[in-house]
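This report describes a single chain, beginning with its aromatic rings and ending with its overall composition.

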Amino acid sequence: VMSAIYATFMSILRGSEAGLKATAEVQRERMAMHTIEQALTTARSFQLDVQHYGFIAENGSDAKLTFVARLPKSFPRGGRFGDFDVRRVEFALENGPESQRQLVLRQCPILMEFDQDEVQHPLVLAKNVKELVFDLWDPRANDWTDTWTQTNQLPKMIKVTLRLVSLNQNYTSTKEELIRTIALPSVAVPGSW
């Protein structure tokens, strides 16, 4: 009887632990996509100051998205920068511990470079990332493109695809794909203005 009670208790404990881990992983993935969306909806650009306001989107194994945004106080790590709310943000896919791919966020005030702490210890938004893909709306071609050569302009829309691989206790992997299409509400301020 004691063995049966103990076995039941242990199975409930393991099930609860697995459920909490899965819930935390889903919440982290949701917050990662929300953070990208929040930054993109506050993007800023000036055509005469491309060296500070350039918009760069790169796909591939080392995918990266970097741009300038006027971020709210509630943005992750926002308190670290005080009243400097116009910052360059960088979302990058990098190797993490145990060769896991992870999505990281770095940020710095617009006229500064990333400091050493930000370079070495970025904010990890998602772990076990298989792929990060940016598709940008090209109004000239009237279609999505995976390359953005007009770094002095903001795209009208961007589609962000985040593919994740999750390992469960049986070492089987499940794949999840998060896709968001985000319209940028601002355009680059023309030089004539």
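Rings of Phe, Tyr and Trp (its six-membered ring) are taken to pair if their centres lie within 6.5 Å, with planes under 30 degrees apart counted as stacked, over 60 as edge-to-face and the rest as tilted. By this criterion, ring pairs link Phe55, Phe67 and Phe91 into a cluster. The model is a predicted one, in which local features need pLDDT of at least 70 and side-chain atom pairs count only at pLDDT 80 or more, while totals for chains, interfaces and linings use all residues. Residues are numbered from 1 along each chain as its sequence is written, and side-chain values use heavy atoms, with hydrogens and water left out.

**Aromatic pairs**

The search of the whole structure finds 4 aromatic pairs, among them the two edge-to-face pairs tabulated here.

| Pair | Centre to centre | Angle between planes |
|---|---|---|
| Phe46 and Tyr53 | 4.9 Å | 70° |
| Trp137 and Trp144 | 5.3 Å | 80° |

Relative accessible area is described as buried when under 20%, exposed when over 50% and partly exposed in between, using a 1.4 Å probe and protein chains only. On that scale Phe46 is partly exposed at 36%, whereas its partner Tyr53 is buried at 13%. Trp144 is partly exposed, with a value of 27%, and Lys159 lies over the face of this ring at 4.9 Å from the ring centre, where such a placement requires NZ of Lys or CZ of Arg to be within 6 Å of the ring centre and within 35 degrees of the ring normal.

**Positive phi values in loops**

Helices (H or I, at least four residues) and strands (E, at least two) are DSSP runs, numbered from the N terminus. In the loop between β3 (64-70) and β4 (86-95) lies Arg77, a residue other than glycine whose phi is nevertheless positive, near 65°, and which is partly exposed at 30% relative accessible area. Asn142, placed in the loop between β7 (129-138) and β8 (143-145), likewise has a positive phi, near 55°, and counts as exposed at 55% relative accessibility.

**The chain as a whole**

The chain contains 3 helices and 10 strands, which follow one another along the sequence in the pattern α-β-α-β-β-β-β-α-β-β-β-β-β. Its C-alpha trace spans about 85 × 40 × 25 Å along the principal axes, and buried residues make up 37% of the 193 residues. Among contacts (heavy atoms within 4.5 Å) with a separation of 6 or more, 58% are accounted for by residues 24 or more positions apart.
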